[in-house]
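Reader: I'm in my first year and still learning to read these models. Could you take one residue, look at it closely, and then show me around from there?

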Amino acid sequence: MWYHKPVINEELLQSLPNLKIVANSGVGIDHLDLKLLSSYGVKVSNTPFVVSTDTADLGMALMLASSRRLVEGYQMAVSPDTEYFPADWLGAEVSGATLGIVGMGNIGYKVAERAKAFEMKILYHNRNQRNKEEESSVGAIYCKKIDDLLRQSDFVLLSVNLTPQTCRLIGKRELELMKPTATLINISRGLVVDQDALVEALQNRVIKAAALDVTYPEPLPRDHPLLQLRNVVITPHIGSATKKTRRLMMENMTDSIEAGLAGLPVPNEVL
């Protein structure tokens with residue numbers, strides 16, 4: 001499966017009585033009904049580890065692009081109407097700022113490793129607290145309550161799987177807890193954020209900016225208000241989009257398929 005296609009529903013499963021395995025690209029499996037697949041005796045695999053490095057890199061790229069207003073700066077630099085560069089055109093500092101990471105899995109932890117090099121104060125919220133050695137390695141402080149993280153962070157980065165518990169995890173209440181100078185960065189799934197509430201928060205300067213690699217739907221309708229806001233940076237879901245990683249994803253998928261067909265333990269099987 002690539003880009004959630006084909007759609008795996010009961011009709012398809014009934015038409016494929018010999019199906020052994022569904023190999024899914026990427027980490028997210030929110031588009032798959034695991035109970036339904038299991039009832040047909042079909043195994044599922046994904047590629048959770050090979051995407052972590054590139055997705056963490058993109059998270060940092062979005063943070064830097066938003067804080068330093070790179071898209072606006074580029075547009076100013078190349079515009080035929082530009083006669084001079086204004087001296088009061090300013091961005092925000094990343095180095096030394098506070099980063100709140102929501103979801104400290106493989107990707108979130110790699111973001112923390114990168115943020116440490118920027119001398120950022122790192123907070124994180126996760127279902128389970130990392131061990132002390134892992135925390136001290138990146139200088140991360142655990143926030144048991146997400147509210148505490150939201151109130152303190154200059155940048156809030158979302159790196160969680162989409163589940164019923166995380167759907168619209170960030171809504172109107174959570175956005176209002178954030179600093180008016182804060183930026184929301186989403187490299188997980190679009191539905192983790194209440195998009196209507198985000199538009200309202202950005203329009204009313206409840207928060208300063210947003211940097212999004214994911215939205216819902218993808219792509220957004222061309223008249224969507226998020227596309228009109230200058231304090232938003234949007235990329236087309238390219239967290240894992242490098243040549244090396246996409247090749248490794250394909251290799252992971254074929255390894256899982258071959259194992260599934262041979263009746264062997266499936267690498268990266270989703271249970």
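Is Thr183 buried or exposed?

Author: Before we start, this is a predicted model, where local features need pLDDT of at least 70, side-chain atom pairs count only at pLDDT 80 or more, and totals for chains, interfaces and linings use all residues. Residues are numbered from 1 along each chain as its sequence is written, and side-chain values use heavy atoms, with hydrogens and water left out.

Okay, Thr183. Its relative accessible area is 4%, so it is buried (that means under 20%; exposed is over 50% and partly exposed is in between, with a 1.4 Å probe and protein chains only). Thr183 sits in strand β7, which covers residues 183-186. Strands here are DSSP runs of E with at least two residues, helices are runs of H or I with at least four, and both are numbered from the N terminus.

Who does Thr183 touch? If you skip residues up to four places away in sequence, its contacts are Ser66, Asp154, Phe155, Val156, Met178, Ala209, Ala210 and Ala211 (contact means heavy atoms within 4.5 Å). Look up where some of those partners live. Ser66 falls inside α3, residues 52-67, Phe155 and Val156 fall inside β6, residues 155-158, and the three alanines fall inside β8, residues 209-212.

Now hop to helix α5, since α3 and β6 turn up there again: both are among the elements that cover its buried residues. The cover also includes β3 (98-102), β4 (121-125) and α6 (132-138). Helix α5 itself runs over residues 106-117, which makes twelve residues. From first C-alpha to last it reaches 18 Å, close to the expected 16 Å (that expectation is 1.5 Å times one less than the number of residues). Its buried residues are Ile107, Gly108, Tyr109, Val111, Ala112 and Ala115. Check the spacing in that list against a handy rule: an α-helix has 3.6 residues a turn, so residues three or four places apart point the same way. After α5 comes Glu119, with a positive phi near 55 degrees.

Strand β4 leads us to some aromatic rings. The structure holds two aromatic pairs. Rings of Phe, Tyr and Trp (its six-membered ring) pair if their centres lie within 6.5 Å; planes under 30 degrees apart are stacked, over 60 edge-to-face and the rest tilted. One pair is Trp2 with Tyr3, edge-to-face, with 6.5 Å between centres and 80 degrees between planes. Trp2 is partly exposed at 23%, whereas Tyr3 is exposed at 54%. The other pair, Tyr124 with Tyr142, is tilted, at 5.2 Å and 50 degrees. Tyr124 belongs to β4 and Tyr142 to β5 (residues 140-142), so this pair ties together parts that lie 18 residues apart in sequence. Tyr124 is buried, with a relative accessible area of 0%, while Tyr142 is partly exposed at 21%.

For another strand residue with partners elsewhere in the chain, try Ile21 in β1 (residues 21-23). Ile21 is buried, at 10% relative accessibility. Outside its neighbours within four places in sequence, Ile21 is in contact with Val42, Lys43, Ser45, Ser256, Ile257, Gly260 and Val266. Take Val266: Ile21 and Val266 are 245 residues apart in sequence, yet 9.2 Å apart in space, C-alpha to C-alpha.

Finally, follow the backbone for a bit. The peptide bond from Lys5 to Pro6 is cis, with omega near 0 degrees, and Pro6 lies in the segment before α1 (10-15). Glu218 and Pro219 are joined by a cis bond too, with omega about -5 degrees, and Pro219 is in the loop between β8 and β9. Remember, β8 is the strand that holds those alanine partners of Thr183.

Just ahead of β8, in the loop that follows α9 (195-203), is Arg205. Its phi is near 60 degrees, positive in a residue other than glycine, and at 51% relative accessibility Arg205 counts as exposed. His237 isn't a glycine either, but its phi is positive at about 55 degrees. You'll find His237 in the loop between β9 and α10 (243-262), where it is partly exposed at 23%.
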